[in-house]
Amino acid sequence: MPGCGVTTGRWQRPGWLAPAVDLRRDGLLPDALAGLTLAALAIPEVLGYARIAGMPVEAGLYTMVVPMIVFALLGASRRLVVGADSATAAMLAAGLGALAIPAASPEYVRLAGTTALVVGVLLVVARVVRLGALGNFLSRTVLVGFLTGVGIQVAVGQLPEALGLVPVPGQAPEKLVAVVAHLGDASPVAVGTAAGVVVTVLVARRVSRRIPAALVAVVASIVVTAPAGLDRRGLLVLGVVPAGLPGLELPSFALDDVRAVFPIALSMLVVILAQSAATSRAYAARHGETPDTDRDVVGLAGANIGAAFTGAFVVNGSPTKTQMVDGAGGRSQLAHLTAAAVTIVAILLLTPYLSLLPLAALAAVVLLIGVELVDVAGLRRIWALRRSEFVVALLTTVAVVVLGVETGIVVAVVVSIVDHLRHSYAPRSSVLVKSAQGHWRSLPVEAGARTVDGLVVHRFGSGLYFANASRFAEDVRLLTATGPPVRWYCLDAAAIGDVDYSAGTVLLAVHDALRANGIRMVVSNLVVPVRGQLDRYGVIERIGEDGCFDTSGEVLEEFQRSTHT
(Lines give C-alpha, C1' and ligand atoms only; values in the text may rest on other atoms or scores of the structure.)
Protein backbone atom coordinates (compact mmCIF):
# COMPACT_ATOMS: atom_id res chain seq x y z
CA MET A 1 0.00 0.00 0.00
CA PRO A 2 1.42 3.44 -0.86
CA GLY A 3 2.58 5.42 2.15
CA CYS A 4 2.75 2.44 4.49
CA GLY A 5 6.45 1.73 4.19
CA VAL A 6 9.53 1.61 2.07
CA THR A 7 10.15 -1.44 -0.04
CA THR A 8 13.63 -2.94 0.05
CA GLY A 9 13.93 -6.15 -1.93
CA ARG A 10 11.24 -8.55 -0.71
CA TRP A 11 11.05 -6.95 2.69
CA GLN A 12 8.65 -4.20 3.75
CA ARG A 13 10.12 -1.64 6.12
CA PRO A 14 7.64 0.26 8.30
CA GLY A 15 7.74 3.99 7.67
CA TRP A 16 8.68 4.80 11.28
CA LEU A 17 11.77 2.62 11.20
CA ALA A 18 15.10 4.39 10.87
CA PRO A 19 16.41 4.27 7.28
CA ALA A 20 19.68 2.98 8.70
CA VAL A 21 18.13 -0.41 9.45
CA ASP A 22 19.01 -2.61 6.48
CA LEU A 23 16.52 -5.42 5.92
CA ARG A 24 17.93 -6.71 2.64
CA ARG A 25 18.68 -10.43 2.66
CA ASP A 26 22.29 -9.91 1.60
CA GLY A 27 22.80 -7.65 4.62
CA LEU A 28 21.40 -9.96 7.28
CA LEU A 29 24.33 -12.32 7.79
CA PRO A 30 27.15 -9.74 7.86
CA ASP A 31 25.17 -7.55 10.23
CA ALA A 32 24.23 -10.49 12.45
CA LEU A 33 27.89 -11.54 12.73
CA ALA A 34 28.95 -7.95 13.36
CA GLY A 35 26.32 -7.65 16.09
CA LEU A 36 27.48 -10.89 17.67
CA THR A 37 31.07 -9.64 17.63
CA LEU A 38 30.01 -6.27 19.07
CA ALA A 39 28.19 -7.99 21.92
CA ALA A 40 31.13 -10.31 22.65
CA LEU A 41 33.59 -7.44 22.85
CA ALA A 42 31.42 -4.66 24.23
CA ILE A 43 29.72 -6.60 27.02
CA PRO A 44 32.92 -6.96 29.05
CA GLU A 45 33.93 -3.44 28.05
CA VAL A 46 30.74 -1.85 29.39
CA LEU A 47 31.15 -3.77 32.63
CA GLY A 48 34.44 -1.92 33.00
CA TYR A 49 32.80 1.39 32.15
CA ALA A 50 30.20 0.73 34.86
CA ARG A 51 33.03 0.40 37.36
CA ILE A 52 34.56 3.66 36.08
CA ALA A 53 31.19 5.40 36.46
CA GLY A 54 30.75 4.13 40.02
CA MET A 55 27.65 2.16 39.01
CA PRO A 56 26.81 -1.50 39.74
CA VAL A 57 28.46 -3.67 37.08
CA GLU A 58 25.12 -4.85 35.67
CA ALA A 59 24.28 -1.23 34.81
CA GLY A 60 26.92 -1.45 32.11
CA LEU A 61 25.02 -4.32 30.50
CA TYR A 62 21.82 -2.30 30.65
CA THR A 63 23.38 0.44 28.49
CA MET A 64 23.43 -2.13 25.65
CA VAL A 65 19.74 -2.98 25.81
CA VAL A 66 17.14 -0.19 25.73
CA PRO A 67 19.52 2.69 24.82
CA MET A 68 21.06 0.73 21.94
CA ILE A 69 17.66 -0.36 20.60
CA VAL A 70 16.22 3.16 20.82
CA PHE A 71 19.13 4.70 18.92
CA ALA A 72 18.97 1.98 16.26
CA LEU A 73 15.34 2.90 15.61
CA LEU A 74 15.57 6.69 15.92
CA GLY A 75 19.11 7.56 14.83
CA ALA A 76 20.20 8.04 11.23
CA SER A 77 23.81 6.82 11.20
CA ARG A 78 24.42 3.38 9.75
CA ARG A 79 27.73 3.11 11.61
CA LEU A 80 27.55 4.96 14.93
CA VAL A 81 27.16 2.69 17.97
CA VAL A 82 25.72 4.28 21.09
CA GLY A 83 26.53 2.88 24.51
CA ALA A 84 28.52 3.41 27.69
CA ASP A 85 31.65 5.46 27.04
CA SER A 86 34.84 6.04 29.02
CA ALA A 87 34.68 9.85 28.78
CA THR A 88 31.12 10.27 30.02
CA ALA A 89 31.56 7.46 32.58
CA ALA A 90 34.54 9.29 34.10
CA MET A 91 32.63 12.59 34.05
CA LEU A 92 29.67 10.97 35.83
CA ALA A 93 31.91 9.52 38.54
CA ALA A 94 33.68 12.85 39.08
CA GLY A 95 30.42 14.82 39.18
CA LEU A 96 28.44 12.54 41.47
CA GLY A 97 31.52 11.81 43.57
CA ALA A 98 31.75 15.55 44.31
CA LEU A 99 28.29 15.28 45.88
CA ALA A 100 29.71 12.85 48.49
CA ILE A 101 27.29 10.04 47.56
CA PRO A 102 28.61 6.46 47.96
CA ALA A 103 29.29 4.84 44.59
CA ALA A 104 26.81 2.14 43.46
CA SER A 105 24.40 3.05 46.26
CA PRO A 106 20.66 3.31 45.49
CA GLU A 107 20.83 7.10 45.78
CA TYR A 108 23.84 7.17 43.44
CA VAL A 109 21.96 5.05 40.86
CA ARG A 110 18.90 7.32 41.08
CA LEU A 111 21.01 10.43 40.53
CA ALA A 112 22.79 8.73 37.63
CA GLY A 113 19.34 8.17 36.12
CA THR A 114 18.45 11.81 36.73
CA THR A 115 21.66 12.85 34.98
CA ALA A 116 20.81 10.68 31.96
CA LEU A 117 17.29 12.14 31.90
CA VAL A 118 18.57 15.73 32.00
CA VAL A 119 21.08 14.91 29.26
CA GLY A 120 18.24 13.47 27.16
CA VAL A 121 16.12 16.60 27.63
CA LEU A 122 19.09 18.84 26.80
CA LEU A 123 19.67 16.81 23.63
CA VAL A 124 16.03 17.42 22.64
CA VAL A 125 16.63 21.13 23.14
CA ALA A 126 19.87 20.84 21.15
CA ARG A 127 17.90 19.29 18.28
CA VAL A 128 15.32 22.09 18.36
CA VAL A 129 18.01 24.79 18.19
CA ARG A 130 20.04 22.67 15.72
CA LEU A 131 23.16 22.29 17.85
CA GLY A 132 23.85 19.12 15.87
CA ALA A 133 25.48 21.51 13.41
CA LEU A 134 28.45 21.40 15.79
CA GLY A 135 29.59 18.45 13.71
CA ASN A 136 29.93 20.75 10.71
CA PHE A 137 32.83 22.44 12.48
CA LEU A 138 34.86 19.24 12.30
CA SER A 139 36.74 18.98 9.02
CA ARG A 140 37.72 15.65 7.46
CA THR A 141 41.33 16.42 8.41
CA VAL A 142 40.36 16.96 12.05
CA LEU A 143 38.26 13.77 12.05
CA VAL A 144 41.28 11.73 10.93
CA GLY A 145 43.33 13.27 13.73
CA PHE A 146 40.52 12.82 16.26
CA LEU A 147 40.04 9.10 15.64
CA THR A 148 43.80 8.57 15.56
CA GLY A 149 44.11 10.27 18.94
CA VAL A 150 41.25 8.21 20.38
CA GLY A 151 42.89 5.05 19.04
CA ILE A 152 46.23 5.85 20.67
CA GLN A 153 44.53 6.75 23.93
CA VAL A 154 42.47 3.54 23.94
CA ALA A 155 45.46 1.34 23.07
CA VAL A 156 47.71 2.87 25.72
CA GLY A 157 44.91 2.66 28.29
CA GLN A 158 44.69 -1.12 27.81
CA LEU A 159 48.40 -1.80 28.29
CA PRO A 160 48.31 -2.12 32.12
CA GLU A 161 45.63 -4.86 32.18
CA ALA A 162 47.16 -6.59 29.14
CA LEU A 163 50.40 -6.86 31.17
CA GLY A 164 48.72 -7.72 34.45
CA LEU A 165 49.57 -4.36 36.00
CA VAL A 166 47.35 -2.11 38.09
CA PRO A 167 45.71 0.57 35.89
CA VAL A 168 46.73 4.13 36.71
CA PRO A 169 44.65 7.29 36.28
CA GLY A 170 45.57 10.12 33.96
CA GLN A 171 45.96 10.62 30.25
CA ALA A 172 47.86 8.43 27.80
CA PRO A 173 51.36 9.88 28.45
CA GLU A 174 51.10 9.32 32.23
CA LYS A 175 49.78 5.81 31.69
CA LEU A 176 52.58 4.97 29.29
CA VAL A 177 55.24 6.26 31.68
CA ALA A 178 53.72 4.19 34.52
CA VAL A 179 53.67 1.04 32.35
CA VAL A 180 57.33 1.46 31.38
CA ALA A 181 58.27 2.07 35.01
CA HIS A 182 56.57 -1.14 36.18
CA LEU A 183 57.39 -3.49 33.31
CA GLY A 184 59.33 -5.67 35.73
CA ASP A 185 56.11 -6.36 37.64
CA ALA A 186 54.22 -7.66 34.59
CA SER A 187 52.40 -10.97 35.06
CA PRO A 188 53.68 -13.72 32.72
CA VAL A 189 50.24 -15.34 32.72
CA ALA A 190 48.53 -12.07 31.75
CA VAL A 191 51.15 -11.32 29.09
CA GLY A 192 50.77 -14.82 27.66
CA THR A 193 46.99 -14.55 27.61
CA ALA A 194 47.08 -11.14 25.90
CA ALA A 195 49.68 -12.34 23.39
CA GLY A 196 47.59 -15.41 22.62
CA VAL A 197 44.54 -13.25 21.92
CA VAL A 198 46.54 -10.92 19.64
CA VAL A 199 48.01 -13.84 17.68
CA THR A 200 44.58 -15.52 17.38
CA VAL A 201 42.97 -12.34 16.06
CA LEU A 202 45.77 -11.57 13.58
CA VAL A 203 45.95 -15.13 12.24
CA ALA A 204 42.16 -15.40 11.87
CA ARG A 205 42.05 -12.12 10.00
CA ARG A 206 44.87 -13.24 7.75
CA VAL A 207 42.87 -16.37 6.87
CA SER A 208 39.63 -14.45 6.22
CA ARG A 209 38.18 -11.13 7.29
CA ARG A 210 34.81 -12.89 7.48
CA ILE A 211 35.93 -14.83 10.57
CA PRO A 212 34.78 -12.99 13.74
CA ALA A 213 38.34 -13.09 15.01
CA ALA A 214 37.84 -11.11 18.21
CA LEU A 215 34.84 -13.22 19.16
CA VAL A 216 36.85 -16.42 18.66
CA ALA A 217 39.65 -15.04 20.82
CA VAL A 218 37.32 -13.99 23.65
CA VAL A 219 35.52 -17.35 23.74
CA ALA A 220 38.84 -19.22 23.62
CA SER A 221 40.21 -17.23 26.55
CA ILE A 222 37.13 -18.04 28.66
CA VAL A 223 37.25 -21.73 27.69
CA VAL A 224 40.94 -22.02 28.60
CA THR A 225 40.85 -20.05 31.86
CA ALA A 226 38.81 -22.43 34.06
CA PRO A 227 40.29 -25.84 33.04
CA ALA A 228 43.84 -24.50 33.22
CA GLY A 229 43.16 -22.82 36.56
CA LEU A 230 44.63 -19.56 35.28
CA ASP A 231 42.38 -17.54 37.56
CA ARG A 232 44.06 -19.25 40.51
CA ARG A 233 47.54 -18.50 39.14
CA GLY A 234 47.20 -14.74 39.28
CA LEU A 235 45.21 -14.07 36.10
CA LEU A 236 42.59 -11.47 36.93
CA VAL A 237 39.05 -12.14 35.67
CA LEU A 238 35.88 -10.05 35.62
CA GLY A 239 34.33 -11.82 38.61
CA VAL A 240 30.66 -12.17 39.56
CA VAL A 241 28.20 -10.44 37.20
CA PRO A 242 24.57 -10.35 38.48
CA ALA A 243 21.93 -11.75 36.12
CA GLY A 244 18.49 -10.30 35.31
CA LEU A 245 16.91 -7.99 32.74
CA PRO A 246 16.68 -4.26 33.44
CA GLY A 247 13.40 -3.23 35.00
CA LEU A 248 11.72 0.14 35.37
CA GLU A 249 13.98 2.29 37.53
CA LEU A 250 12.67 5.77 38.26
CA PRO A 251 15.27 8.52 38.47
CA SER A 252 14.95 11.25 41.05
CA PHE A 253 12.65 14.09 39.96
CA ALA A 254 13.38 16.28 43.00
CA LEU A 255 14.20 19.83 41.95
CA ASP A 256 17.27 19.93 44.21
CA ASP A 257 18.61 16.76 42.59
CA VAL A 258 18.01 18.14 39.09
CA ARG A 259 19.88 21.31 40.04
CA ALA A 260 22.73 19.26 41.49
CA VAL A 261 23.27 17.18 38.35
CA PHE A 262 22.54 19.93 35.80
CA PRO A 263 26.18 21.16 35.53
CA ILE A 264 27.34 17.54 35.05
CA ALA A 265 24.71 16.98 32.36
CA LEU A 266 25.59 20.22 30.59
CA SER A 267 29.28 19.31 30.34
CA MET A 268 28.32 15.83 29.13
CA LEU A 269 26.08 17.38 26.48
CA VAL A 270 29.05 19.11 24.85
CA VAL A 271 31.10 15.91 24.85
CA ILE A 272 28.21 13.80 23.50
CA LEU A 273 27.38 16.23 20.69
CA ALA A 274 30.98 16.65 19.61
CA GLN A 275 32.20 13.06 20.01
CA SER A 276 29.11 11.50 18.44
CA ALA A 277 29.20 13.94 15.53
CA ALA A 278 32.93 13.41 15.05
CA THR A 279 32.60 9.62 15.05
CA SER A 280 29.49 9.55 12.85
CA ARG A 281 30.98 11.93 10.29
CA ALA A 282 34.32 10.12 10.23
CA TYR A 283 32.76 6.74 9.41
CA ALA A 284 30.26 8.27 6.99
CA ALA A 285 33.16 9.87 5.12
CA ARG A 286 35.07 6.58 5.16
CA HIS A 287 32.14 4.79 3.46
CA GLY A 288 30.93 7.58 1.20
CA GLU A 289 27.70 8.15 3.14
CA THR A 290 25.91 11.38 4.06
CA PRO A 291 25.58 11.97 7.82
CA ASP A 292 22.36 13.31 9.36
CA THR A 293 23.57 14.79 12.63
CA ASP A 294 20.19 16.26 13.58
CA ARG A 295 18.47 12.88 13.44
CA ASP A 296 21.36 11.30 15.34
CA VAL A 297 20.78 13.87 18.11
CA VAL A 298 17.16 12.67 18.32
CA GLY A 299 18.42 9.09 18.63
CA LEU A 300 20.90 10.09 21.34
CA ALA A 301 18.15 11.90 23.26
CA GLY A 302 15.90 8.83 23.14
CA ALA A 303 18.77 6.54 24.12
CA ASN A 304 19.63 8.60 27.21
CA ILE A 305 16.01 8.92 28.28
CA GLY A 306 15.72 5.14 27.90
CA ALA A 307 18.85 4.73 30.03
CA ALA A 308 17.37 6.98 32.72
CA PHE A 309 14.41 4.64 33.29
CA THR A 310 16.19 1.28 33.06
CA GLY A 311 18.89 1.51 35.71
CA ALA A 312 21.61 2.43 33.19
CA PHE A 313 23.64 5.63 32.90
CA VAL A 314 24.54 8.24 30.29
CA VAL A 315 25.36 6.84 26.84
CA ASN A 316 27.35 8.38 24.02
CA GLY A 317 28.49 7.72 20.47
CA SER A 318 31.44 5.38 20.95
CA PRO A 319 34.44 5.33 18.55
CA THR A 320 35.62 1.94 19.86
CA LYS A 321 32.24 0.21 19.55
CA THR A 322 31.73 1.78 16.15
CA GLN A 323 35.08 0.36 15.07
CA MET A 324 34.07 -3.05 16.45
CA VAL A 325 31.06 -3.14 14.14
CA ASP A 326 32.85 -1.59 11.18
CA GLY A 327 35.81 -3.94 11.50
CA ALA A 328 33.45 -6.93 11.68
CA GLY A 329 31.70 -5.92 8.44
CA GLY A 330 28.52 -4.39 9.86
CA ARG A 331 26.67 -2.21 7.36
CA SER A 332 23.61 -1.03 9.23
CA GLN A 333 22.08 -0.68 12.66
CA LEU A 334 20.65 -4.16 12.32
CA ALA A 335 24.03 -5.12 13.79
CA HIS A 336 23.25 -3.00 16.85
CA LEU A 337 19.84 -4.59 17.27
CA THR A 338 21.51 -7.99 17.08
CA ALA A 339 24.02 -6.92 19.73
CA ALA A 340 21.17 -5.81 22.00
CA ALA A 341 19.43 -9.19 21.54
CA VAL A 342 22.65 -11.07 22.31
CA THR A 343 23.13 -8.90 25.40
CA ILE A 344 19.67 -9.87 26.65
CA VAL A 345 20.57 -13.54 26.21
CA ALA A 346 23.87 -12.95 27.97
CA ILE A 347 22.16 -11.22 30.91
CA LEU A 348 19.77 -14.14 31.30
CA LEU A 349 22.05 -17.11 30.64
CA LEU A 350 25.74 -16.29 30.31
CA THR A 351 26.74 -14.19 33.31
CA PRO A 352 28.47 -17.16 35.06
CA TYR A 353 30.74 -17.56 32.01
CA LEU A 354 31.37 -13.82 31.69
CA SER A 355 32.77 -13.89 35.20
CA LEU A 356 35.67 -16.04 33.88
CA LEU A 357 36.71 -13.62 31.14
CA PRO A 358 40.36 -12.66 31.72
CA LEU A 359 40.90 -8.92 31.94
CA ALA A 360 44.12 -9.38 29.95
CA ALA A 361 42.19 -10.98 27.07
CA LEU A 362 39.65 -8.17 27.05
CA ALA A 363 42.43 -5.58 27.18
CA ALA A 364 44.21 -7.20 24.22
CA VAL A 365 41.08 -7.12 22.07
CA VAL A 366 40.31 -3.49 22.94
CA LEU A 367 43.98 -2.61 22.34
CA LEU A 368 43.71 -4.02 18.80
CA ILE A 369 40.55 -1.99 18.27
CA GLY A 370 42.43 1.12 19.35
CA VAL A 371 45.23 0.34 16.90
CA GLU A 372 42.65 0.03 14.09
CA LEU A 373 41.37 3.50 14.91
CA VAL A 374 44.82 4.95 14.17
CA ASP A 375 44.36 6.10 10.57
CA VAL A 376 47.94 5.88 9.30
CA ALA A 377 46.80 5.70 5.67
CA GLY A 378 44.67 8.83 6.10
CA LEU A 379 47.54 10.72 7.72
CA ARG A 380 49.86 9.69 4.88
CA ARG A 381 47.40 10.94 2.27
CA ILE A 382 47.06 14.28 4.04
CA TRP A 383 50.86 14.57 4.35
CA ALA A 384 51.31 13.85 0.65
CA LEU A 385 48.58 16.20 -0.55
CA ARG A 386 48.46 19.07 1.93
CA ARG A 387 51.20 19.50 4.51
CA SER A 388 49.49 22.40 6.29
CA GLU A 389 46.40 20.26 6.96
CA PHE A 390 48.61 17.44 8.20
CA VAL A 391 49.72 19.82 10.95
CA VAL A 392 46.03 20.35 11.82
CA ALA A 393 45.44 16.58 12.00
CA LEU A 394 48.56 16.12 14.11
CA LEU A 395 47.56 18.88 16.53
CA THR A 396 44.16 17.23 16.98
CA THR A 397 45.76 13.85 17.63
CA VAL A 398 48.15 15.29 20.21
CA ALA A 399 45.31 17.19 21.93
CA VAL A 400 43.20 14.04 22.32
CA VAL A 401 46.17 11.95 23.52
CA VAL A 402 47.59 14.51 25.95
CA LEU A 403 44.46 16.34 27.14
CA GLY A 404 41.82 13.62 26.82
CA VAL A 405 38.77 13.20 24.60
CA GLU A 406 36.71 15.90 26.32
CA THR A 407 39.28 18.68 25.95
CA GLY A 408 40.58 17.20 22.71
CA ILE A 409 37.15 17.62 21.10
CA VAL A 410 37.09 21.30 22.03
CA VAL A 411 40.57 21.69 20.59
CA ALA A 412 39.45 19.85 17.43
CA VAL A 413 36.55 22.26 16.92
CA VAL A 414 38.79 25.28 17.55
CA VAL A 415 41.46 23.92 15.17
CA SER A 416 38.82 23.37 12.47
CA ILE A 417 37.56 26.92 12.85
CA VAL A 418 41.09 28.37 12.85
CA ASP A 419 41.92 26.33 9.75
CA HIS A 420 38.82 27.70 8.03
CA LEU A 421 39.66 31.25 9.08
CA ARG A 422 43.19 30.77 7.77
CA HIS A 423 41.80 29.98 4.32
CA SER A 424 39.24 32.78 4.34
CA TYR A 425 41.81 35.26 5.69
CA ALA A 426 43.99 34.72 2.62
CA PRO A 427 41.52 33.64 -0.10
CA ARG A 428 42.53 32.66 -3.61
CA SER A 429 41.52 35.85 -5.38
CA SER A 430 42.14 36.57 -9.05
CA VAL A 431 42.03 39.08 -11.88
CA LEU A 432 39.61 38.01 -14.63
CA VAL A 433 40.72 38.19 -18.25
CA LYS A 434 38.86 37.26 -21.43
CA SER A 435 40.59 34.62 -23.58
CA ALA A 436 40.81 34.83 -27.37
CA GLN A 437 37.82 32.47 -27.52
CA GLY A 438 35.78 34.83 -25.35
CA HIS A 439 35.93 32.81 -22.09
CA TRP A 440 36.92 34.18 -18.70
CA ARG A 441 40.14 32.92 -17.16
CA SER A 442 41.79 33.76 -13.85
CA LEU A 443 45.19 35.40 -13.38
CA PRO A 444 47.03 35.88 -10.07
CA VAL A 445 46.56 39.10 -8.15
CA GLU A 446 49.89 40.80 -8.79
CA ALA A 447 51.30 44.20 -9.61
CA GLY A 448 50.24 45.44 -13.04
CA ALA A 449 47.59 42.75 -13.66
CA ARG A 450 44.83 44.06 -15.94
CA THR A 451 41.67 42.71 -17.51
CA VAL A 452 42.20 45.14 -20.39
CA ASP A 453 44.09 48.41 -20.50
CA GLY A 454 42.47 50.69 -17.92
CA LEU A 455 40.21 48.04 -16.36
CA VAL A 456 40.73 45.60 -13.48
CA VAL A 457 38.07 42.97 -12.75
CA HIS A 458 39.03 41.65 -9.33
CA ARG A 459 37.28 38.50 -8.09
CA PHE A 460 37.74 38.29 -4.31
CA GLY A 461 37.74 34.61 -3.32
CA SER A 462 35.83 34.67 -0.03
CA GLY A 463 33.21 36.44 2.02
CA LEU A 464 34.35 39.84 3.27
CA TYR A 465 34.66 40.14 7.04
CA PHE A 466 36.76 41.88 9.65
CA ALA A 467 39.76 39.55 9.38
CA ASN A 468 40.28 39.69 5.60
CA ALA A 469 38.96 43.17 4.84
CA SER A 470 42.46 44.67 5.16
CA ARG A 471 43.75 41.96 2.80
CA PHE A 472 41.11 43.05 0.29
CA ALA A 473 42.18 46.68 0.59
CA GLU A 474 45.82 45.68 0.08
CA ASP A 475 44.88 43.75 -3.08
CA VAL A 476 43.05 46.80 -4.44
CA ARG A 477 46.03 49.07 -3.74
CA LEU A 478 48.40 46.58 -5.39
CA LEU A 479 46.26 46.34 -8.52
CA THR A 480 45.49 50.04 -8.95
CA ALA A 481 48.68 51.74 -7.75
CA THR A 482 51.12 49.74 -9.91
CA GLY A 483 51.44 49.21 -13.64
CA PRO A 484 49.53 51.08 -16.36
CA PRO A 485 46.88 53.60 -15.26
CA VAL A 486 43.52 52.22 -14.14
CA ARG A 487 40.27 54.00 -15.02
CA TRP A 488 37.78 51.43 -13.71
CA TYR A 489 38.08 49.00 -10.82
CA CYS A 490 35.42 46.24 -10.71
CA LEU A 491 34.83 44.06 -7.66
CA ASP A 492 33.49 40.74 -8.95
CA ALA A 493 31.48 39.48 -5.96
CA ALA A 494 30.60 36.02 -7.30
CA ALA A 495 32.48 34.35 -4.38
CA ILE A 496 31.26 36.79 -1.72
CA GLY A 497 28.36 35.40 0.28
CA ASP A 498 28.49 37.81 3.18
CA VAL A 499 29.89 41.24 4.06
CA ASP A 500 30.08 42.17 7.74
CA TYR A 501 29.95 45.71 9.13
CA SER A 502 33.74 46.07 9.38
CA ALA A 503 34.19 45.01 5.75
CA GLY A 504 31.41 47.42 4.75
CA THR A 505 33.34 50.35 6.20
CA VAL A 506 36.47 49.16 4.38
CA LEU A 507 34.54 49.08 1.08
CA LEU A 508 33.47 52.68 1.65
CA ALA A 509 37.08 53.69 2.36
CA VAL A 510 38.33 51.84 -0.74
CA HIS A 511 35.70 53.56 -2.90
CA ASP A 512 36.67 56.99 -1.60
CA ALA A 513 40.40 56.31 -2.07
CA LEU A 514 39.84 55.14 -5.64
CA ARG A 515 37.66 58.12 -6.49
CA ALA A 516 40.31 60.47 -5.07
CA ASN A 517 42.74 58.91 -7.56
CA GLY A 518 40.32 59.32 -10.47
CA ILE A 519 39.32 55.63 -10.58
CA ARG A 520 35.69 54.57 -10.85
CA MET A 521 34.63 51.64 -8.65
CA VAL A 522 31.88 49.29 -9.86
CA VAL A 523 30.61 45.90 -8.69
CA SER A 524 29.32 42.80 -10.49
CA ASN A 525 27.78 39.42 -9.68
CA LEU A 526 26.18 40.56 -6.43
CA VAL A 527 23.85 38.00 -4.87
CA VAL A 528 20.63 39.44 -3.46
CA PRO A 529 21.53 39.17 0.28
CA VAL A 530 24.92 40.83 -0.28
CA ARG A 531 23.28 43.56 -2.36
CA GLY A 532 21.00 44.22 0.60
CA GLN A 533 23.96 44.42 2.97
CA LEU A 534 25.80 46.89 0.73
CA ASP A 535 22.62 48.98 0.52
CA ARG A 536 22.45 49.20 4.32
CA TYR A 537 26.13 50.08 4.63
CA GLY A 538 25.76 52.89 2.07
CA VAL A 539 28.12 51.31 -0.44
CA ILE A 540 25.55 51.16 -3.27
CA GLU A 541 24.74 54.83 -2.72
CA ARG A 542 28.42 55.74 -3.15
CA ILE A 543 28.90 53.54 -6.20
CA GLY A 544 25.55 54.44 -7.75
CA GLU A 545 22.96 52.22 -9.32
CA ASP A 546 24.70 52.56 -12.67
CA GLY A 547 27.81 51.04 -11.07
CA CYS A 548 26.07 47.74 -10.28
CA PHE A 549 26.27 45.15 -13.06
CA ASP A 550 24.81 41.67 -13.28
CA THR A 551 27.96 40.16 -14.80
CA SER A 552 31.59 41.10 -15.32
CA GLY A 553 31.01 40.69 -19.06
CA GLU A 554 28.61 43.64 -18.90
CA VAL A 555 31.27 45.63 -17.05
CA LEU A 556 33.79 44.94 -19.80
CA GLU A 557 31.31 45.91 -22.53
CA GLU A 558 30.33 49.13 -20.75
CA PHE A 559 33.95 50.05 -20.10
CA GLN A 560 34.90 49.53 -23.75
CA ARG A 561 31.85 51.52 -24.86
CA SER A 562 32.81 54.41 -22.58
CA THR A 563 36.37 54.50 -23.89
CA HIS A 564 35.17 54.76 -27.50
CA THR A 565 32.77 57.63 -26.89
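V523 stands opposite C548 in strand 10, and that pair makes a handy way into this predicted model. Next to it, helix 19 (residues 501–516) packs on the sheet and touches strand 8 (488–492) and strand 9. Here is a short tour of the sheet around them.

**The sheet as a whole**
- The sheet is open and has 6 strands, in the order 6-5-7-8-9-10, with mixed pairing.
- Strand 6 (440–443) and strand 10 (548–549) are the edge strands, each pairing on one side only.
- As background, strands in a sheet pair through backbone hydrogen bonds, in either a parallel or an antiparallel way.

**Strand 9 and its neighbours**
- Strand 9 covers residues 520–524, and 2 bridges join it to strand 10, the two running parallel.
- Besides the V523 and C548 pair, S524 has F549 of strand 10 as its bridge partner.
- Towards strand 8, strand 9 is held by 5 bridges, and these two strands also run parallel.
- On that side, V523 of strand 9 stands opposite L491.
- Why is strand 9 largely enclosed by the rest of the structure? Of its 5 residues, 4 are buried, meaning under 20% relative accessible area, so the strand is largely enclosed.

**The helix that links them**
- Strand 8, helix 19 and strand 9 together make a β-α-β unit, and this unit is right-handed.
- The direction of helix 19 makes about 140° with that of strand 9.

Notes: Residues are numbered from 1 along each chain as its sequence is written. This is a predicted model: local features need pLDDT of at least 70, side-chain atom pairs count only at pLDDT 80 or more; totals for chains, interfaces and linings use all residues. Side-chain values use heavy atoms; hydrogens and water are left out. Two strands pair if DSSP finds at least two bridges between them. Contact means heavy atoms within 4.5 Å. Axes are lines fitted to C-alpha atoms, for helices over the stretch in contact, and angles run from 0 to 180 degrees between N-to-C directions. Buried means under 20% relative accessible area, exposed over 50%, partly exposed in between (1.4 Å probe, protein chains only). A crossover is right-handed if, with the strands pointing away from the viewer, the path from the first strand over the helix to the second runs clockwise.
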